[in-house]
Amino acid sequence: MARRKNRSRSKISQLPPEIRSTVEAMSLAPAQFTYKDIRAYLAQQEVSISESAIGTYARELRANLESLTVAQETMRVMMETAAKVPEMDAVEIINRIAGQKMLQAVINKPEEEWTEVGLDKLLREMNAMTKAVAYKQRIDQQNKTDAQAAADELKAQFFSALGTEHPDLYRQVVQILERKAREAEA
């Protein structure tokens, strides 16, 4: 499988920032500027480049901006979800998004490419994902247990202090709790 480039090596990407910014602004306004207009601007800056190279750069720029927009939208949705469901932490939200992206990639993978994937690699990756989910569930359960133990300790300290400092109030609270317990049993 071909490896994707991390960085653009185009002539435009190597221009000084002020010239590159102008070219990018022109590229993002195709209704106002053609590749011929961009080439003419670059010629004024003493840069010689083909319209084809400008077109390639403009397409890559738009694709990168679209990817950024999608990532920002995903982040916005993630933050809204986190605000609506406070018990769901950021890691779980990120895992869900990653899982959805992975599932989409699997669905979109052409059938002939599946023969190129080694079964051992696929099984290792599935095993790693299963272990990660199990680890997260174990940590979540441990955190719940720790939180419950802390809450129980706090209750014990509260009732001990209440019984010592306000015995009449303590008796009233105990009576109410006992009455509610009887009502719940009935």
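# An all-helix chain: report on a predicted model

Read along the sequence, the protein chain runs α-α-α-α-α-α-α. That makes seven helices and zero strands. The model is predicted.

## Overall dimensions

The chain has 186 residues, and a compact globule of that length would have a radius of gyration near 16 Å, whereas this chain has 31 Å. Along the principal axes, the C-alpha atoms fill a box of roughly 90 × 45 × 30 Å. Of the 186 residues, 13% count as buried. The accessible surface comes to about 15,000 Å², and carbon and sulfur atoms account for 57% of that area. When contacts between residues at least 6 apart in sequence are considered, 38% of them join residues at least 24 apart.

## Helix 2 and its buried side

Helix 2 spans residues 35–44, and its buried residues are I38, Y41 and L42. These three lie on the same side of helix 2, because they cover an arc of only 95° around the axis. An α-helix has 3.6 residues a turn, so residues three or four places apart point the same way. The buried residues of helix 2 pack against helix 1 (17–27) and helix 3 (51–84). On the face turned away from the buried side, helix 2 carries the exposed residues K36 and Q44. E46 follows helix 2 and has a positive phi, near 65°.

## Salt bridges

Side chains of opposite charge can pair when their charged atoms come close. With a limit of 4 Å between a side-chain nitrogen of Lys or Arg and a carboxyl oxygen of Asp or Glu, the count comes to seven salt bridges. Three of them are listed here, including one in helix 3 and two in helix 7.

| Salt bridge | Closest N to O distance |
|---|---|
| E80 and R76 | 2.3 Å |
| D168 and R171 | 2.4 Å |
| R179 and E183 | 3.8 Å |

In helix 3, E80 and R76 are four residues apart, about one turn of the helix. E80 is partly exposed, with a relative accessible area of 35%. R76 is also partly exposed, at 38%.

Helix 7 covers residues 167–185, and D168 and R171 are separated by about one helical turn because they are three residues apart in that helix. D168 counts as exposed, because its relative accessibility is 53% and the exposed class begins over 50%. R171 has a relative accessible area of 47% and is partly exposed.

R179 and E183 are four residues apart in helix 7, which means that about one helical turn separates them. R179 counts as partly exposed at 40% relative accessibility, and E183 is partly exposed with a relative accessible area of 45%. Elsewhere, salt bridges that share partners join E73, R76 and E80 into one network.

## A nonpolar patch on the surface

L119, L122, L123 and M126 make a nonpolar surface patch of about 380 Å². One of these residues, L123, is found in helix 6, which covers residues 119–165. L123 is partly exposed, with a relative accessible area of 46%. This value lets L123 count toward the patch, because patch residues need over 30% relative accessible area.

Key. Residues are numbered from 1 along each chain as its sequence is written. This is a predicted model: local features need pLDDT of at least 70, side-chain atom pairs count only at pLDDT 80 or more; totals for chains, interfaces and linings use all residues. Side-chain values use heavy atoms; hydrogens and water are left out. Patches are made of residues with over 30% relative accessible area and no salt bridge: like charges are joined within 9 Å, nonpolar side chains (Val, Leu, Ile, Met, Phe, Trp, Tyr) within 5 Å. Accessible areas come from the Shrake-Rupley method with a 1.4 Å probe; for residues, only the protein chains shown count as cover. Buried means under 20% relative accessible area, exposed over 50%, partly exposed in between (1.4 Å probe, protein chains only). The radius of gyration is taken over C-alpha atoms; the globule rule is 2.2 Å times the number of residues to the power 0.38. Contact means heavy atoms within 4.5 Å. The arc is that of the directions from the helix axis to the C-beta atoms.
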